[in-house]
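These notes are offered to a colleague who has the coordinates open. They take up, in turn, a sheet, the metal sites and a pocket.

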Amino acid sequence: MRQLTCTAPGLLEWCDVASPELGDGAAALIRPLAVARCEIDPLLVGAGPTSPGGFAVGHEAVAEVVQTGPDVSAVTAGQRVFCSFQVSCGRCQPCRGGRTANCAQYPVLSDYGMQPLSGVEYGGMVSDLVRVPHADAMLAPVPAGTDPVRLASVGDNVSDGYRAVAPHLAERPGADVLVICHGSPSIALYAAQAAVALGAGTVTFESDSAEVLAVAESIGAAAVASTFERRLGRWPIVVDCGQRPAVLRHAIASTEPDGVLQSVSYYAAPPEIPLALGKLYTWGIKFHIGRANAAALLPDVVALIGSGRFRPDLVTSAVIDWDDAPKRFLDPAIKLVVARD
Ligand SMILES: [Zn+2]
Ligand SMILES: [Zn+2]
């Protein structure tokens, strides 16, 4: 079968690889129909493979179920589904507690399309067929009649944005939200959208990109151009999204006493990140940082989308043809989706 593969730094190619097989009663085989580019994909492809033969790319997909094992009950062949980008069993203690990102059965960072991080190749979503080892735990049905292209990112970045605000707004209904975007714009925009949908008092979106600010405005946030040097005020709920450590300091300064600062960012390397721990302590700011629990989030995210109040498709800025994936997957775009019939 054909698989989009990163074979060298910055290089994507179709590779012909063996089709996966069910191999287990709880597994399913799915055929991805629409795959969104995650914010991490260009970074992974830029860094290149860590083992010979390269690695499969892509992990945010809406797919069609092709085959299920005898123990699968939640989905059936022919059905359209969201797939968690993280591999999780649904049965271990972390999974039962909703902490599916750290499933005890798999090595850390066991995700589709990220073999360089976990060391294990689970396949990538820009492929003809993908094996889902725990179909009941990792797949969620797509509402009937919904265009897969609109929802391609639900299995990862959309859920990531949702979880950045949902638990905090549940604790403080109607609170004002500030999203600080200094990278990974789609996740920041999904967070702002989710905050609007979940009834935040106001949603302010701070960025230094005119293109991203225009989208923020269009989804109902108050867009503010910023160089992140001077705080605009202090908010009870602040979302930090990007890769610049100096802006994390700015996010701390923008959080009000006893407020919540939720970071969805992975800050690579420098241990000398100037994190204002004294300020976090003195002001009682609750600082959350960590990965989303994709499988556990799927039902809530799908329900909010089903209500019509959360429209992730409004963030999609480019849709490319499946066959063009090797040459166009890295095209400049806030959110790019690869689609086929
Ligand atoms: Zn991702
Ligand atoms: Zn598990």
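**Notes on the predicted model**

1. Ala8 has Leu11, in S2, as its bridge partner. The model under discussion is a predicted one, and this note therefore treats every value as computed from that prediction.

2. The bridge between Ala8 and Leu11 sits in the context of strand S1 (residues 2-8), which pairs with S2 in the antiparallel sense over six bridges. These strands belong to an open sheet of three strands, ordered S2-S1-S4, with antiparallel pairing. Its edges are strand S2 (11-16) and strand S4 (55-56), each of which pairs on one side only. As background, the strands of a sheet pair through backbone hydrogen bonds, either parallel or antiparallel.

3. The zinc ion (ligand 1) has three residues as its protein donors: Cys38 through SG, His59 through NE2 and Asp156 through OD, at 1.7 to 2.2 Å from the ion. Along the sequence, these donor residues follow the spacing C-x20-H-x96-D. Cys38 lies in the loop between strand S3 (28-36) and helix H1 (41-47), while Asp156 lies in helix H5 (residues 154-171), so the pair ties together parts that are 118 residues apart in sequence. Cys38 and Asp156 are both buried.

4. For the zinc ion (ligand 2), the protein donors are the SG atoms of Cys89, Cys92, Cys95 and Cys103, which lie 2.3 to 2.4 Å from the ion. Their spacing along the chain is C-x2-C-x2-C-x7-C. Why is the arrangement around the zinc ion (ligand 2) tetrahedral? The four donor atoms subtend angles of 103 to 118°, and four donors count as tetrahedral if all angles lie between 85 and 135 degrees. Among these donor residues, Cys92 and Cys95 are both buried.

5. The largest pocket holds about 810 Å³ of space. It is lined by 33 residues, of which Ile40, Val264, Ser265, Tyr266 and Arg291 are the closest to its centre. By residue class, the lining of the largest pocket divides into 18 nonpolar, nine polar and six charged.

6. Which elements each supply at least two residues of the lining of the largest pocket? They are H1, helix H3 (115-118), H5 and strand S12 (235-242). H5 gives the largest share of that lining, with four residues. Helix H5 is also where Asp156, of the pair discussed under the zinc ion (ligand 1), is found.

How values were computed
Residues numbered from 1 in each chain as written. Chains lettered and ligands numbered in written order. Predicted model: local features only at pLDDT ≥ 70, side-chain atom pairs only at ≥ 80, totals over all residues. Heavy atoms only, no water. Pairing = 2+ DSSP bridges. Donors = N, O, S within 2.8 Å, 3.2 Å for Na, K, Ca; no water. Buried < 20%, exposed > 50% of the residue type's maximum accessible area, 1.4 Å probe, protein only. Tetrahedral: all angles 85-135°; square planar, octahedral: opposite > 155°, others 65-115°. 1 Å grid on protein atoms, 1.4 Å probe; cavity = no way out; pocket = protein on both sides within 12 Å on 5 of 7 lines; lining within 4 Å. Points joined across faces, edges and corners; volume = space filled by probe spheres on them. Nonpolar A, V, L, I, M, F, W, Y, C, P; charged D, E, K, R; others polar.
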